[in-house]
Amino acid sequence: MNAIANMVRLTKAGAVIAWSGARVLPDDAKLPPPLRVFSRVTAPLRKEGEAGNGHEARLSDALASLGPSYIKLGQFLATRDDIIGRELARDLSTLQDRLPPFSQKEAHAAVEEALEAPVDKLFAEFGSPVAAASIAQVHKAKVRGPDGTLKPVAVKVLRPGIEQRFKRDLDSYFFAARMIERMHPPSRRLRPIAVVDTLAKSVAIEMDLRMEAAAISEMAANTKNDEGFRVPGVDWTRSARRVLTLEWIDGIPIADHAALRAAGHDVKGLGARLMQTFLVHAMRDGFFHADMHPGNLFVDDKGRIVAVDFGIMGRLGMKERRFLAEILYGFLNRDYQRVAEVHFAAGYVPRKHAVAQFAQALRAIGEPIMDRPASEISMAQLLGQLFQYTEVFDMQTRPELLLLQKTMVVVEGVGRSLDPEVNMWVVSEPVVRDWMENTLGASAQIEAAAEGAVSVGRFVGEIPKLLGQAERAADAFSAMAEEGLRLDDHTVERLAEAQAREGRLSRIGIWIGALALAAIALSLLF
C-alpha cells in the first residue's frame, strides 16, 4: 500500500509539472516507453509560456505550487548538475524559497508549546512575520534585559505540521530513487538513493532549529579572532527544536550598494573580503555557510559582514580541504600534472586511467579560463567544468565539493556585484598559500610526525588485544570454510517471504503507476 501511495503522489506531482509546460529533461533525452507515451499524449495540452515567462519561471512556479518539500528538492537539485544536467540546474537556480506566512495565532501556539511558557512572559513584544519560507518564518520581537531595556531579537518558528509533510514526500523520493536504480543501471553511478538520503539528512537538520543554533555557535567560535566578519548571537534560553531566537541584525543589506557608499563603507573592499572569508571558512575550518545569497548578508556599522540563516551548512574533511587547496594552487601555477596527480592520489579517478590524459583534460579546462580578463576569471566555473568530467573519467561524485562549488558561484556573484573588476585568483591566492604553508609546510609536517609517533605508541600497546581478536576471527572463518554458512529453517523461510513480497509490491506499483498515468492523460483529454 505504501508503494501505491508513493506512486500516486509522484504521478500527481509529475502531472502538475507536465501541465505547467516546464522543461524537466533535455529535448534529446531518451525516455522509457511509458513516459514517451505520456509525454506525447499530454504535449498538446500543456500550457504555453507567456511572454517573458521562460522555462525557469514555469518550473519554479510548478515546484512552488507543490509545496515546501518540492521547493527544497528543487533547490537541492540545483546544486547537483552532475545528476540533472546544466540546463535544468540553471532553471532551478531561480527557485525562491518563499511562501505565504502562517497566522500569528499559530505562531504564538508554536512558541508556547516549544518553550513551555506564555508568549507575553517570554517576550515584551512579539510582532508579525517579516519573512516566510518553506520550513519556517521569522518574527521581530523584543526581550527585556536585566536593566529593563528592550532589545530586539529575531524569532524563527517552524511551520505547523511541516515534519509530517516532509516525511510523506521524502518517502516518495526514496521510492522513486529505488525504482530508478533498479530499472536504469547507468544511473547507479550517480547514486540516486544516496542523493535522496543526503537531502533527507539536510532537511532533518534544517527542521531542528537547535542544530542551526549550534552551527551559529560553532562558526562564532571559529571566527572569534577574524576581522571583518561576525554572526548573530544565540539566545539559548528562548530556543528549542521548533523555535530559534537570535540577535536582531540592524545592518545594511549587502546588495544595497548606494546605502553602503552613503555609510562610508569600502564597497569594492567588501567584495574581496567576502570571497576571502568564504575560502578561509572552507579551507581553515572545513565548515562554511552554504546559502550566502545577498538576502542573507548584511554590513554592520563597523563595516563587518554579518551572515544570517544558517540552515544550510557545508563541511569538508581534511582530505577534501587538501584536495581543494592542491587543485587551486595547481591551477594558479598552471601545473596541470600536479592537479591530475592529486586526483589520483585522493582516489577520485580510478587507476585504470592515465595521469597524463587526465592532465591534458585539465589543461583544456584551465587554459581558456586563465587567459581571460581578470573580471571574467571564475574559480567556481573552473571547478564546475572539472566536475563535468566525472563520467568521462569514472569519477565518483563528491556532494560536499559540489555544494562548495555551487556556494562559490553565489559568493563570486555577490563579490562581483560589489567590485566588477575583482580578480578571484588574486583574492584567493594568499588564502590558499597560507593554508598550504600552515598545513603542508615543514613545521606542519614535524607536528604531524610527532602526532604520528604518539599514535604508533598507542597502536603498539593495543597489539596483544588486536592479535586476540584476529585469532578469534580466523577460527570463525575456518569453521565457516569447513562447514559452510548455516541458516536455520525459520531464517530461510523469512528471506524467501521477503523476496516474494518485494517482487509482488514492485509489480503492483508499476501497474498502479501505469494506470495512474493513463488516468491523468484521459482526464487531460476530456
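## Aromatic pairs and a buried glutamate in a predicted model

Phenylalanine 278 and phenylalanine 288 are both buried. The rings of these two residues have centres 5.6 Å apart and planes at 80°, so phenylalanine 278 and phenylalanine 288 form an edge-to-face pair. Phenylalanine 278 belongs to helix α13 (residues 267-285) and phenylalanine 288 to strand β7 (residues 287-289), so the pair ties together parts that are 10 residues apart in sequence. The structure described here is a predicted model.

**Overall architecture**

The protein contains 21 helices and 10 strands. Of its 526 residues, 43% are buried. Among contacts in the protein with a separation of 6 or more, 68% join residues 24 or more positions apart. The protein exposes about 27,800 Å², and 56% of this area is supplied by carbon and sulfur atoms.

**Aromatic pairs**

A pair of aromatic rings is described by the distance of the centres and the angle of the planes. A search of the whole structure yields 7 aromatic pairs. Two of them are set out below, with their geometry.

| Ring pair | Distance of centres | Angle of planes | Class |
|---|---|---|---|
| Phenylalanine 278 and phenylalanine 288 | 5.6 Å | 80° | edge-to-face |
| Phenylalanine 331 and tyrosine 336 | 5.7 Å | 70° | edge-to-face |

The assignment of phenylalanine 331 and tyrosine 336 follows from the angle: planes over 60 degrees apart count as edge-to-face, and the planes of this pair stand at 70°. Both partners lie under the 20% cut-off for burial. Phenylalanine 331 has a relative accessibility of 0% and therefore counts as buried. Tyrosine 336, at 2% relative accessibility, is likewise counted as buried.

Ring pairs also link Phe344, Phe358 and Phe393 into a cluster.

**A charge over a ring**

An aromatic face also meets a charged side chain in this model: arginine 238 lies over the face of phenylalanine 123, at 6.0 Å from the ring centre.

**Glutamate 326**

Glutamate 326 is located in helix α14 (residues 318-332). With a relative accessible area of 7%, glutamate 326 falls under the 20% limit and is therefore buried. Which residues is glutamate 326 in contact with, leaving aside its neighbours within four places in sequence? They are Arg338, Val339, Val342, Met436 and Leu440.

Note on methods: Residues numbered from 1 in each chain as written. Heavy atoms only, no water. Helix = DSSP H or I, 4+ residues; strand = E, 2+ residues; numbered from the N terminus. Buried < 20%, exposed > 50% of the residue type's maximum accessible area, 1.4 Å probe, protein only. Contact = heavy atoms within 4.5 Å. Areas by Shrake-Rupley, 256 points an atom, 1.4 Å probe, with all protein chains shown as cover. Phe/Tyr/Trp six-rings, centres within 6.5 Å; stacked < 30°, edge-to-face > 60°. Lys NZ or Arg CZ within 6 Å of the ring centre and 35° of its normal.
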